[in-house]
Amino acid sequence: MDLGHLAQLCYNMTESYLQITNGTDVINGTQEAIRITKDQLLLDIFKKWNPFNDALSFSFNGGKDCQVLLLLYLSCLWEFFMLGVSSSQFDRKYHKFPLTKLPSVLISQEEVFSTVDSYIAESIDRYNLDLYESTPQNGNHIDMAQAFENYLNLYPSTKAIVIGVRYTDPFGEHFKPLQPTDSNWPYFLRVQPILHWKLENIWSYLLFSGEPICGMYAKGFTSIGDIDNTLPNPYLIINSTNVKPQFLFSKEVERSFYQDKNATNEINITPLQPIDIKLIDSFEDDYYPGWFLVDDAKERAGRIKKQ
Ligand code: ATP
C-alpha cells in the first residue's frame, strides 16, 4: 500500500476510535490523549515545519510507543494533506499525496532480539519507511549522540525529530512536547507529542488499530531494550503470588479496526523468531501478555541494569 493510502487508513482508524461512544474510562482517556497529540502536530509542529518537506524525521525502533506515534503521525499527515486540498482552488483529483516514503531514523543497539529486528524489517515495508539505520564504526556500536550527529550530517535539512517518549519514561517527567537537544548532543528539536500518554492508552489504541504488534509483547515483555538488559515483566508471571491481572481492552479488540476484513477477532502479533522462542522457552515461568500490565510504574520492571 502506498504512503498516501496508508495515511488515509490511519486517519480512518483514528477517527473510528474517536467515534467510539459509551467507551470505558480507558477509551475516554485515550480519546482525549489522541486529541491532544493531534492538536500538537497539526496546530503547532506542522505549522513550524511542513511535514512534506524534509525538515522532519521520525525516530523508529519498533517499540509499542513509537508504533502508536507512527499511526497517529500518519493520520495527521493525511489530515494535513486534506486541509491543503480543501483550501486549494484545484479539485481533489489534481492533488497527489506528496510523500512516498517517511524519513525515519533507527540507532542500532548492541544486541537486539531477532523478533524485534524482523518486526522492524516488516515495518519498513508496511509503513513505507525510508529508514536510516546507524552502522557500527570499526566494529563498535556508537553512542546515540554520535549516531544522530552522523544522521544530521547525511540529512542536513532535518530540523526536528519526532520521538515516542512519555512522561513515565526515565527522566521523562521534565520533558516538553517540543524541546532542543541537550548541550552535549548535536542540535535538533525533539518533537514529543505522546508525553501525556499512559500505558493503558498505548495498549488501548494499539489493540484497537488491529495493526501487527511486535511479537515480544505477547510473551510478557512490556518494554524492550537490548537482549542483555531486557526480561519479561516479573509482574506478569503466571501462577506466582501475583494477583491475576485484568484484561481491560475487550471492547477495543471486539471493535478492532481491521485492515484485513477476514481477520478473526484476535490480537495481531508478528511471529517470534526461533532464536527468541528458544530463549523464552528457557525461562522458568510463563507470562501473561504485556497488555495485561497497565501500571506505568511497573512498565520497565523487566529492564535490568547492565553489569
Ligand atoms: P518500549 O518501551 O515498549 O520499548 P518504545 O521503544 O517505543 O517502546 P522507549 O524505549 O521508551 O519506547 O523509547 C522512546 C522513543 O525513543 C521511541 O518511541 C523512539 O521514538 C525513540 N527511540 C528509542 N530507541 C531508539 C533507537 N534505538 N533508534 C531510534 N529511536 C529510538
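These legends walk through several close-up views of a predicted model.

**View 1. The ligand and the residues around it.**
Let us start where the protein meets its ligand. Which residues come nearest? Of the 21 residues around the ligand, these are Ser-59, Lys-64, Ile-107, Tyr-217 and Arg-300. The side chain of Ser-59 places an N or O atom 2.7 Å from an oxygen atom of the ligand. For the side chain of Asn-61, the corresponding distance to a ligand oxygen atom is 2.8 Å. Ile-224 takes part through its backbone, with an N or O atom 2.9 Å from an oxygen atom of the ligand. How much of the ligand does the protein bury? Taken alone, the ligand exposes 590 Å², and the protein buries 92% of that area.

**View 2. Ser-223 and its polar contact with Arg-303.**
Here we look at a loop residue, Ser-223, in the stretch between α6 (199-209) and α7 (250-254). Is Ser-223 buried or exposed? Its relative accessible area is 7%, so Ser-223 is buried. The side chain of Ser-223 is joined to the side chain of Arg-303 by a polar contact of 2.8 Å.

**View 3. Cysteines without a disulfide.**
How many disulfides does the structure hold? The number is 0. As background, a disulfide is a covalent bond between the sulfur atoms of two cysteines. Why does Cys-10 form no such bond? The closest cysteine sulfur, in Cys-76, is 10 Å from the sulfur of Cys-10, which is too far for a bond; the cut-off for a disulfide is 2.5 Å. Cys-66 is in no disulfide either, and its nearest cysteine sulfur, that of Cys-214, is 10 Å away. As for their surroundings, Cys-10 counts as buried because its relative accessibility is 4%. Cys-66 also counts as buried, at 5% relative accessibility.

**View 4. Helix α2 and its kink.**
This view follows helix α2, which runs over residues 25-48 and has 24 residues. How far does helix α2 reach? From its first C-alpha to its last, helix α2 spans 34 Å, close to the 34 Å expected at 1.5 Å a residue. Along the way, α2 has a kink of about 30°, centred on Leu-41. Leu-43 is found in α2 as well, and with a relative accessibility of 53% it counts as exposed. Leu-43 and Phe-80 are 37 residues apart in sequence, while their C-alpha atoms are 9.8 Å apart in space.

**View 5. Ile-280 in helix α8.**
Next comes Ile-280, a residue of helix α8 (residues 274-281). Is Ile-280 buried or exposed? With a relative accessible area of 13%, Ile-280 is buried; the cut-off for buried is under 20%. Which distance separates Ile-280 from Met-216? In sequence the two are 64 residues apart, and in space they are 9.5 Å apart, C-alpha to C-alpha.

**View 6. Two residues with a positive phi.**
A little background helps with this view: most residues other than glycine have a negative phi. Asn-22 is not a glycine, yet it has a positive phi of about 50°. Where does Asn-22 lie? Its place is the loop between α1 (3-18) and α2. Asn-22 is exposed, with a relative accessible area of 67%. Phe-171 also has a positive phi, near 65°, in a residue other than glycine. Phe-171 is found in the loop between β4 (160-162) and β5 (178-180). At 68% relative accessibility, it counts as exposed.

**View 7. Arg-255 and Glu-111 in their loops.**
Our last view visits two loop residues. Where is Arg-255 found? Arg-255 sits in the loop between α7 and α8. A relative accessibility of 38% makes Arg-255 partly exposed. Between the C-alpha atoms of Arg-255 and Gly-172 there are 32 Å in space, with their positions 83 residues apart along the chain counted as their separation. Glu-111, in turn, has its place in the loop between β2 (102-106) and α4 (114-126). Glu-111 counts as exposed, because its relative accessibility is 51%, and the cut-off for exposed is over 50%. How far is Glu-111 from Glu-284? Their C-alpha atoms are separated by 22 Å, and the two residues are 173 residues apart along the chain.

Note on methods:
Residues numbered from 1 in each chain as written. Predicted model: local features only at pLDDT ≥ 70, side-chain atom pairs only at ≥ 80, totals over all residues. Heavy atoms only, no water. Buried < 20%, exposed > 50% of the residue type's maximum accessible area, 1.4 Å probe, protein only. Helix = DSSP H or I, 4+ residues; strand = E, 2+ residues; numbered from the N terminus. Expected span 1.5 Å × (residues − 1). Bend = angle between axes of the 7 residues up to and from the residue. Near = heavy atom within 4 Å. Polar contact = N/O pair within 3.5 Å; in protein donor to acceptor, adjacent residues only side chain to side chain. Areas by Shrake-Rupley, 256 points an atom, 1.4 Å probe, with all protein chains shown as cover.
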